[in-house]
Amino acid sequence: ATTVIEDIICDVCGESVIPSEIRKRLKNANDFSAYAKLTASFGYGSKRDGERFNFDFCESCFEEIRAKVRELQGK
């Protein structure tokens with residue numbers, strides 16, 4: 001069986017990561033890759049051993065997150 005994904009939602013703002021004009025003609029969102037994906041997994045010995053997290057971000061929210069990380073790094 002093939003899973004058809006109709007949309008991909010940003011985990012920060014809750015909006016679709018797929019522009020509406022593209023979403024109208026896209027048959028399967030699996031074919032869309034112009035967004036950020038973050039996967040975090042924790043290994044043996046960590047307090048979250050075996051846990052895995054997946055996040056999707058639209059480009060706008062990704063830029064905000066990236067700016068925040070740079071700010072925290074003092075750059």
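**Group meeting: a walk through the chain**

Let's start with one residue, S16: leaving out residues up to four places away in sequence, S16 touches D7, I8, I9 and R23. Before I go on, keep in mind that what you see above is a predicted model.

So where does S16 sit? S16 is in the segment before α1, and that helix covers 20-25. One of the residues on that contact list, R23, also makes a polar contact with S16, side chain to side chain, at 2.8 Å. The S16 side chain has another partner too: the backbone nitrogen of I18, reached at 3.0 Å.

Okay, let's step back and look at the whole chain. How many helices and strands are there in the chain? Two helices and two strands. Reading from the N terminus, the order goes α-β-β-α. Now, the overall form: the radius of gyration is 16 Å, while the globule rule gives 11 Å for 75 residues, and 16 is well over that, so this chain is more spread out than a compact globule. If you turn the model around, the C-alpha trace spans about 45 × 35 × 15 Å along its principal axes.

How much of the chain is buried? Of the 75 residues, buried ones make up 17%. As for the surface, the chain exposes about 6200 Å², and 49% of that comes from carbon and sulfur atoms. On charges, we have 12 positive and 13 negative side chains, with the centres of the two sets 4 Å apart. And on contacts: take those between residues at least 6 apart in sequence, and 32% of them join residues at least 24 apart.

Back to single residues. Next up is N28, in the loop between α1 and β1, where β1 is 36-41. Is N28 buried or exposed? The cut-off for buried is under 20% relative accessible area, and N28 has 14%, so N28 counts as buried. What does N28 touch, if we set aside its neighbours within four places in sequence? That would be T3, V4 and I5. With I5 we can be more specific: a polar atom of the N28 side chain lies 3.2 Å from the backbone nitrogen of I5. The side chain of N28 also reaches the backbone nitrogen of N30, at 3.0 Å.

Moving along, we get to F42. You'll find F42 in the loop between β1 and β2, with β2 being 52-57. F42 has a relative accessible area of 36%, which makes it partly exposed. Again skipping neighbours within four places in sequence, F42 is in contact with R48, D49, G50, E51 and F53. Now pick out E59, which is 17 residues away from F42 along the chain: how far apart are the C-alpha atoms of F42 and E59? They are separated by 26 Å.

Last stop, S60. This one is in helix α2, residues 59-73. S60 is partly exposed, at a relative accessible area of 47%. Compare its position with S20: the two are 40 residues apart along the chain, and their C-alpha atoms are separated by 15 Å.

To wrap up, we have an α-β-β-α chain that is more spread out than a compact globule. Within that chain, N28 is buried, while F42 is partly exposed, and S60 is partly exposed too. That's the tour, thanks for listening.

Terms used. Residues are numbered from 1 along each chain as its sequence is written. This is a predicted model: local features need pLDDT of at least 70, side-chain atom pairs count only at pLDDT 80 or more; totals for chains, interfaces and linings use all residues. Side-chain values use heavy atoms; hydrogens and water are left out. Helices (H or I, at least four residues) and strands (E, at least two) are DSSP runs, numbered from the N terminus. The radius of gyration is taken over C-alpha atoms; the globule rule is 2.2 Å times the number of residues to the power 0.38. Buried means under 20% relative accessible area, exposed over 50%, partly exposed in between (1.4 Å probe, protein chains only). Contact means heavy atoms within 4.5 Å. Accessible areas come from the Shrake-Rupley method with a 1.4 Å probe; for residues, only the protein chains shown count as cover. Lys and Arg count as positive and Asp and Glu as negative; His and the chain ends are not counted. The place of a charge is taken as NZ of Lys, CZ of Arg, CG of Asp or CD of Glu. A polar contact is a pair of N or O atoms within 3.5 Å; within protein, one must be able to donate a hydrogen and the other to accept it, and residues adjacent in sequence count only if both atoms are side-chain atoms.
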